[in-house]
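Could you walk me through this structure, step by step? I have not met it before and would like a guided tour.

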Amino acid sequence: MLLVVLALGPFSVAAQAITQAQIEQFKSLPRAQQEALARQYGVDLSQVNESERTDTAQAIQPVEPEGKPQSRQDSEEAQQRKRQFEQERQQDREKNGGLEPFGYDLFADSPSTFAPVTEIPVPVDYVLGPGDVLRVQLWGKENQRFELQVSRDGTVNIPQAGPRAVAGLSFEEASRQIRKVVTEQYMGVQASVSLGALRSMRVFVLGEARTPGAYTVSSLSTISNALFVSGGIKHSGSLRKVQHKRNGQLVGEMDLYALLLAGDTSKDNRLQPGDVIFIPPVGPRAGVAGEVYRPALYELKGPTKVDDLIQMAGGLTPQAYPQNVRIERTNEQFLRILTEADLTTNEGRSKQIKPGDHAEVAAISDITGQYVEILGAVARPGRFAWVPGMRVSSLITTLESDLTAQADRQHAAIVRTHPETDQISVISLDLRQAVRNRLSEADMQLQEKDQLLVFSHVGERTDQQEQEALREEQRQEEELTKRRLEGGEAEAVELTERRQKKKEQAQQAKDASRAVLLAPVLRQMQTQASPARPQQIMSISGPVNYPGDYPIPASGSVADAIRLAGGLKDSASMLTAELARSVIDESGIAQTQILRLDLQEVLAGAGDIQLHSRDRLLIKPIPQFALNRTVVLEGEVRYAGAYTFREGETLAEVLARAGGLTANAFPRGAVFTREKLRELEARRLIEAEERLQGDLLGLTLEGRTVSQGTNKLDQLQELLEEVQNARPLGRMVINLEAVLADTDYQPIRLQDGDRLSVPQIPQAVSVFGEVQFPTSHLHTAGLTVDDYLDRSGGPTRQADEDRVYVIKADGSVVLPEKSRWFGGRNQQLAVGDTIIVPINVDRLNQLELWTNVSQIVYQMALGAAAVGNL
């Protein structure tokens with residue numbers, strides 16, 4: 001008990017001075033004695049326990065490689081090591097046809113630090129050395145526990161017994177000696193000896209190690225432990241000849257394949273201080289691919305048979321075809337050759353593998369018989385067992401449950417392979433009739449290996465439809481982003497799921513289209529073609545649902561070919577169709593023959609002819625079918641609206657049908673627009689914008705004074721912005737009064753999309769351009785161009801007064817200075833006219849361009865204003 005009190009004495013003065021041995025001695029006492037002593041000396045038991053946990057945690061710190069202390073860069077080094085490992089794997093795959101060397105991924109995630117081995121039982125032959133700690137537990141007459149560390153001179157200091165030499169002794173021998181000393185020195189006391197903290201030692205990992213160098217490891221470390229702490233073996237190092245050297249002599253060799261393939265650790269020797277782990281370069285390799293469990297490159301060690309290589313790869317899979325293992329190797333002339341091995345024979349299994357060989361185990365063939373297959377827009381595609389007498393209705397019992405929503409429930413096809421010639425043929429099928437009328441002629445019997453193709457309704461989209469789909473996709477993306485920004489994460493997830501589902505449905509429908517399902521059939525027919533049997537392919541064009549190339553139906557019927565193409569559209573003409581056929585004349589030259597068909601009779605089954613190879617069937621459309629050509633009349637028209645017009649009908653005739661103009665109409669200001677002119681105008685605006693941008697760049701580089709350059713740049717920039725903001729209208733100047741009253745006036749033949757806007761009678765004359773106050777003035781009889789310019793404050797300094805022009809209400813342009821009929825600048829203006837004062841420029845090319853551009857912009861602005869005032 002005195003020893004315990006002495007042990008707690010220092011702790012009562014300073015808790016930080018207590019040693020681990022004193023804590024262990026105190027904790028060996030019964031709980032009641034611990035509490036009594038704690039109360040007597042003012043000791044907090046929780047502090048004792050906390051101190052023990054802290055000391056224990058400090059005792060299990062990882063041991064670092066020598067010269068490489070632990071730091072925050074450990075994770076970065078681990079990531080860099082992983083990237084290097086992945087790079088080596090990629091290089092190996094590229095060089096070896098996708099195969100990787102076997103076994104190196106064992107070290108893919110090896111730690112950058114290494115925790116010493118402390119949790120395994122200590123072997124009885126473990127040799128003690130300086131740094132090892134022995135734990136001695138006494139019980140009997142006295143209970144105490146203390147730790148004895150082997151000093152540098154190889155001794156341990158036993159209390160009341162003095163030092164004892166233990167270095168060089170095995171753990172069993174040292175335990176026996178300590179127990180003997182305790183028995184002799186302590187009467188009625190026995191001892192138990194265990195091994196505490198182990199000493200560390202330095203070993204070397206050299207050769208093709210990923211991080212070669214000297215490492216400090218636990219004294220119980222083995223070869224594999226040292227390999228892990230060094231980061232493993234590079235792909236250029238050998239896994240089968242890892243050498244263990246001591247004092248320059250080879251003491252052992254470890255084959256890691258024995259560890260990886262059989263779990264054999266018998267050669268994983270324990271290391272001693274100064275030992276060297278040397279990794280030589282990799283030996284010869286051979287690859288195995290195909291139907292094995294572990295396709296990879298394997299390092300060879302001595303003579304290796306094909307069967308040995310297969311076993312290293314995990315053996316054959318159930319899908320393997322063992323009778324034909326192809327081996328690619330290099331012969332004595334350095335040429336790659338092929339050889340084979342039959343693994344079902346002793347000779348094949350015993351065939352020797354040479355360095356650099358590449359063996360591939362083939363797979364057994366797929367299902368070869370007693371099946372039928374259904375593909376396309378069906379709920380359960382795949383192969384099904386075939387029995388004699390099986391029909392279409394045996395595979396598809398109901399159209400609602402067995403087909404997808406996009407399925408074509410009427411037109412389907414059966415692809416049949418001839419059992420003797422392997423020639424394929426296609427049979428057109430009415431799927432709805434087959435399912436509804438079981439055991440009827442429409443419900444065809446299926447033969448072995450038949451393929452039932454169920455098509456989907458997927459048509460080719462026009463450019464406009466593609467653009468609309470793209471805009472819809474962008475709109476959905478914007479809506480999704482908006483939902484997320486507003487915090488509606490659940491709604492955003494739901495929207496994403498709906499979009500994904502729509503995409504999957506669209507892709508499924510596309511995969512079940514006629515073009516996709518019939519593509520392999522057409523390719524096979526092309527490869528099977530010969531002079532005796534030309535390829536059985538034809539083409540259909542015109543108003544059918546899915547025009548294109550199709551296999552000639554087995555019946556050779558035009559009606560079946562039309563059904564295969566999805567049937568006729570309602571715009572198809574039933575009166576006539578054309579069949580273009582290539583025939584060989586007597587001289588052996590191909591000639592084109594045109595056959596005219598009565599489509600109505602052909603579909604009724606009368607007068608149908610047999611199709612030949614490469615026939616081209618043209619279904620003619622009904623002329624001008626569903627052709628809705630419209631013109632829009634708006635504004636001061638008695639019965640405004642969108643009117644459908646006949647071929648060749650004129651604007652005057654349509655206006656007469658619309659009741660003519662109202663009493664408040666201003667025909668001279670009518671705006672007549674045409675779609676083709678709008679497209680032309682849009683191109684002119686693009687050209688003007690490009691030229692203005694060029695002039696803007698030229699003026700910037702001209703090098704004039706700052707004030708002049710800035711003024712011109714601002715003016716040109718304003719004009720460029722006007723051009724960019726202008727919208728093409730497609731206006732065509734017409735004299736509507738003459739259209740309605742003058743029979744000699746050229747009639748205006750209407751085109752689809754034309755639009756006539758008739759404004760009300762105006763009261764103003766407008767002045768735009770380079771004037772002090774661009775505005776509109778109430779029309780006053782007798783006022784001239786100069787009068788209206790004066791009313792707008794007169795021209796600005798930038799105005800070109802010599803090129804002032806007037807845009808008449810009908811859209812025509814006149815120059816007062818040059819027009820003979822206009823009468824010069826003193827001529828009076830009419831109501832609805834617009835005066836334009838252009839910019840004065842220095843260079844001729846700029847003058848022409850800017851004037852023309854200004855005219856275009858103002859014409860469009862006035863046209864749009866006239867339409868907007870309706």
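Here is a tour that begins with the whole chain and then visits a few places within it.

Please keep in mind from the start that this is a predicted model. The protein chain has 870 residues, and 40% of them are buried. Its secondary structure comprises 24 helices and 37 strands. About 47,400 Å² of the protein chain is exposed, and 49% of that area comes from carbon and sulfur atoms. What share of the contacts between residues at least 6 apart in sequence joins residues at least 24 apart? In the protein chain that share is 63%.

Let us begin the close-up views with strand β11, which covers residues 285–290. Is β11 largely enclosed or not, and why? Of its 6 residues, 5 are buried, so the rest of the structure largely encloses this strand. One of its partners is strand β12, residues 296–299, which pairs with β11 in the antiparallel sense through 4 bridges. The two strands make a hairpin, and 5 residues lie between them. To find the pairing on screen, look for G287, which stands opposite L297 in β12.

Another partner of β11 is strand β17, residues 358–363; these two run parallel and are joined by 4 bridges. Here A289 has E360 of β17 as its bridge partner. From β17 you can step on to strand β14, residues 320–330, since the two are paired by 5 bridges in the antiparallel sense. In that pairing, I327 is matched with A359 of β17. While you follow these strands, a general point may help: side chains in a regular strand alternate between the two faces of the sheet.

Now return to β12, because one of its residues, Y298, belongs to an aromatic pair that ties β12 to helix α8. What does the aromatic count come to? There are 3 aromatic pairs in this model. In one of them, the ring centres of F102 and Y257 are 5.3 Å apart and the planes stand at 85 degrees, so this pair is edge-to-face. F102 is found in the loop between α5 (74–95) and β1 (133–140), while Y257 is in helix α8 (residues 256–262), so the pair ties together parts that lie 155 residues apart in sequence.

Y257 also pairs with Y298, again edge-to-face, with 6.4 Å from centre to centre and 85 degrees between the planes. Since Y257 sits in helix α8 and Y298 in strand β12, this pair ties together parts 41 residues apart in sequence. Through these ring pairs, F102, Y257 and Y298 become linked into a cluster.

Are the rings of F102 and Y257 on buried or exposed residues? Both residues are buried. Y257 has a relative accessibility of 3%, which is why it counts as buried. Y298 has a relative accessible area of 0%, so it too is buried.

Rings also take part in another kind of arrangement here, with a charged side chain over the ring face. K245 lies over the face of F278, 5.1 Å from the ring centre. R383 is placed over the face of Y371, at 4.3 Å from the ring centre.

The last stop is an open sheet further along the chain. In what order do its 5 strands run? The order is β34-β33-β37-β35-β36, and the pairing is mixed. At the edges are β34 (775–778) and β36 (813–814), each of which pairs on one side only. Within this sheet, strand β35 (residues 805–807) and strand β37 (residues 834–837) run antiparallel, with 3 bridges joining them. V806 has I835 of β37 as its bridge partner.

On edge strand β34 you can pick out H777. Its relative accessible area is 12%, under the 20% cut-off, so H777 is buried. Which residues does H777 touch once its neighbours within four places in sequence are left aside? H777 is in contact with Q763, A764, V765, V767, Y788, R791 and S792.

Notes
Residues numbered from 1 in each chain as written. Predicted model: local features only at pLDDT ≥ 70, side-chain atom pairs only at ≥ 80, totals over all residues. Heavy atoms only, no water. Pairing = 2+ DSSP bridges. Buried < 20%, exposed > 50% of the residue type's maximum accessible area, 1.4 Å probe, protein only. Contact = heavy atoms within 4.5 Å. Areas by Shrake-Rupley, 256 points an atom, 1.4 Å probe, with all protein chains shown as cover. Phe/Tyr/Trp six-rings, centres within 6.5 Å; stacked < 30°, edge-to-face > 60°. Lys NZ or Arg CZ within 6 Å of the ring centre and 35° of its normal.
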